[in-house]
Amino acid sequence: MSLLSAFNNIVINFIEDCIILFPNDKNFGIYKRGIEMVIKYNPRKINTIFKEYAEIYRNKIKTKDETFFLENDYKEVEKYNDEEIFNVIKKLKTYWKSIESNNKDKIWQYLDIMIELSDKL
C-alpha cells in the first residue's frame, strides 16, 4: 500500500469512527461521502489540504492542546472552509467538551498519524 493510500484510508477510518461516536449527527456521513469522492477523483487533494492545515496547527496537535478545538477560529485556513476535512474538524469543535477522554485520545492519535504520514508524502 502506498503512503498516499494509507493516509487516505486513515482519513476515512477517522470519519467512520466519528460516525460511530456521533450516531445522531448525519453530517459525518455527508463528510465521508464527500471525502470519498475527492479521493476517487483527486487522491492527493485531501493530503495537500491537510498538510497546509496541519503545518499551521502542528504544535497544538502534537502536544494535544485542547485549545486547538476549544478556542480556535481556524482563520488561518479559511480558504478551505468548504472542504470536507476542514468541516470534520469544525464539527468536532462543537462536541469537544462533551467527548470522553478516551475518545479524545483516539482523535489526537488519528491526527498525529495523519501528520506523520503526511510528512512522508
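This is a short walk through the structure, from the overall fold to two helix pairs and then to a single residue.

Let us start with the whole chain, which is a predicted model. The protein chain has 6 helices and 0 strands, and reading along the sequence gives the pattern α-α-α-α-α-α. Of its 121 residues, 45% count as buried. Among the contacts with a separation of 6 or more, 66% come from residues 24 or more positions apart. With that in mind, we can look at how particular helices meet.

A good place to begin is helix α6, residues 101-120, together with helix α1, residues 3-21. These two helices pack with their axes 9 Å apart, at an angle of about 165°. Angles over 145 degrees count as roughly antiparallel, and α1 and α6 are therefore roughly antiparallel to each other. The crossing of α1 past α6 is left-handed. If you would like to find the contact in the structure, look on the α1 side for residues including Leu-3, Phe-7, Ile-10, Val-11 and Phe-14. They belong to a contact whose α6 side includes Ile-107, Tyr-110, Ile-113, Met-114 and Leu-117. By class, the residues of this contact between α1 and α6 divide into 12 nonpolar, 3 polar and 3 charged.

Helix α6 has another partner to visit: helix α3, residues 45-62. Here the axes come within 10 Å and cross at roughly 125°, which makes α3 oblique to α6. This crossing, too, is left-handed. On the α3 side, the contact is made by Asn-47, Phe-50, Lys-51, Ala-54, Arg-58, Lys-60, Ile-61 and Lys-62. On the α6 side, the residues include Trp-108, Leu-111, Asp-112, Ile-115 and Glu-116. What classes of residue make up the contact of α3 with α6? There are 7 nonpolar, 2 polar and 7 charged residues. Met-114 and Ser-118 of α6 are worth picking out, for they take part in the contact with α1 and also in the contact with α3.

Finally, let us zoom in on one residue. Thr-67 sits in helix α4, which covers residues 67-70. Is Thr-67 buried or exposed? Its relative accessibility is 19%, and buried means under 20%, so Thr-67 counts as buried. The side chain of Thr-67 also makes a polar contact, at 2.7 Å, with the side chain of Asp-65.

Key: Residues are numbered from 1 along each chain as its sequence is written. This is a predicted model: local features need pLDDT of at least 70, side-chain atom pairs count only at pLDDT 80 or more; totals for chains, interfaces and linings use all residues. Side-chain values use heavy atoms; hydrogens and water are left out. Helices (H or I, at least four residues) and strands (E, at least two) are DSSP runs, numbered from the N terminus. Buried means under 20% relative accessible area, exposed over 50%, partly exposed in between (1.4 Å probe, protein chains only). A polar contact is a pair of N or O atoms within 3.5 Å; within protein, one must be able to donate a hydrogen and the other to accept it, and residues adjacent in sequence count only if both atoms are side-chain atoms. Axes are lines fitted to C-alpha atoms, for helices over the stretch in contact, and angles run from 0 to 180 degrees between N-to-C directions. Angles under 35 degrees count as roughly parallel, over 145 as roughly antiparallel, 65 to 115 as roughly perpendicular and the rest as oblique. A crossing is left-handed if the near helix is turned anticlockwise from the far one by less than a right angle, and right-handed if clockwise. Contact means heavy atoms within 4.5 Å. Ala, Val, Leu, Ile, Met, Phe, Trp, Tyr, Cys and Pro count as nonpolar, Asp, Glu, Lys and Arg as charged, and the others, Gly among them, as polar.
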